[in-house]
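Dear colleague,

I am passing on the structure below, and I would be grateful if you could read the notes after it with the coordinates open.

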Amino acid sequence: MNTLSLGIMELLGESLGVGNEYFRDFFEGNDSIMRLNYYPPCQKPELTLGTGPHCDPTSLTILHQDHVSGLQVFVDEKWHSVTPDPEAFVVNIGDTFMALSNGIFKSCLHRAVVNNVTVRKSLAFFLCPKMDKVVKPPNALVDYKNPRVYPDFTWPALSEFTQKHYRADMKTLDVFTTWLQQKNK
Ligand SMILES: O=C(O)CCC(=O)C(=O)O
Ligand SMILES: [Fe+2]
């Protein structure tokens, strides 16, 4: 998963015009997280969610779903199911990479629904920067036409924010930005 995520970082660097080494080097020695999600069948699936709507606060997510549907992504004001394929990974951008790309790549809003028949399992690898790395976009992505969108921060600061102050949703990075600015006044 680590090797795959660093390979994807090479492609993202290439696509942003900063070269394939920039983000791969940034994520060298990363402090990433692996999570297993288990969703038991639910008698009233229409009344609840397996995972509420959120953007991943991390940098890049590589998700494996089993054969049971559940993941949905919010596009064009509607929820769309992501057809499960145990032979494939779902890859999405998280808030930390949105900040690293100065807002060019967007973290995507998603959720997981449950059903009343089958257990569902998913496995997520969340690429996160090494704890002491300062998250800031490369100079090539910042100029007077494209000023900094988010302040400098470290991954542990954003992670702690989502654990102690604010449950991750679609506005995490904006609320975190305001919170940091207030704190540093
Ligand atoms: O179970 C899923 O398909 C999504 C889980 C998820 O969004 C997460 O773990 O952040
Ligand atoms: Fe997620």
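What follows describes a metal site, the ligand beside it and one glutamine.

This is a predicted model, in which local features need pLDDT of at least 70 and side-chain atom pairs count only at pLDDT 80 or more, while totals for chains, interfaces and linings use all residues. Residues are numbered from 1 along each chain as its sequence is written, chains are lettered from A and ligands numbered from 1 in the order in which they are written, and side-chain values use heavy atoms, with hydrogens and water left out.

The iron ion (ligand 2) has as its protein donors His-54 (NE2), Asp-56 (OD) and His-110 (NE2), at 2.1 to 2.2 Å; donors here are N, O and S atoms within 2.8 Å of the metal (3.2 Å for Na, K and Ca), and because water is not among the atoms, sites may look incomplete. Along the chain these donors follow the spacing H-x1-D-x53-H. His-54 belongs to strand 2 (residues 51–54) and His-110 to strand 7 (residues 110–112), so the pair ties together parts that are 56 residues apart in sequence; strands (E, at least two residues) are DSSP runs numbered from the N terminus. His-54 is buried, at a relative accessible area of 11%, and His-110 is buried too, at 8%, where buried means under 20% relative accessible area (1.4 Å probe, protein chains only).

The residues surrounding ligand 1, that is, those with a heavy atom within 4 Å of it, include the iron donors His-54, Asp-56 and His-110, together with Arg-35, Asn-37, Tyr-39, Leu-63, Leu-71, Arg-120, Ser-122 and Phe-126. Strand 1 (33–39) and strand 8 (120–127) each supply at least two residues of this shell. Oxygen atoms of ligand 1 lie 3.1 Å from a side-chain N or O atom of Asp-56, 3.1 Å from one of His-110 and 2.7 Å from a polar side-chain atom of Arg-120. Of the 290 Å² of accessible area that ligand 1 has on its own, the protein covers 98% (Shrake-Rupley method, 1.4 Å probe).

Arg-120 also leads to Gln-65, since the side chains of these two residues make a polar contact at 2.7 Å, a polar contact being a pair of N or O atoms within 3.5 Å, of which, within protein, one must be able to donate a hydrogen and the other to accept it, and residues adjacent in sequence count only if both atoms are side-chain atoms. Gln-65 is found in strand 3 (residues 60–65) and is buried, with a relative accessible area of 2%. A polar atom of the Gln-65 side chain also lies 3.4 Å from the backbone oxygen of Val-82.

With best wishes

Conventions: Helix = DSSP H or I, 4+ residues; strand = E, 2+ residues; numbered from the N terminus. Buried < 20%, exposed > 50% of the residue type's maximum accessible area, 1.4 Å probe, protein only.
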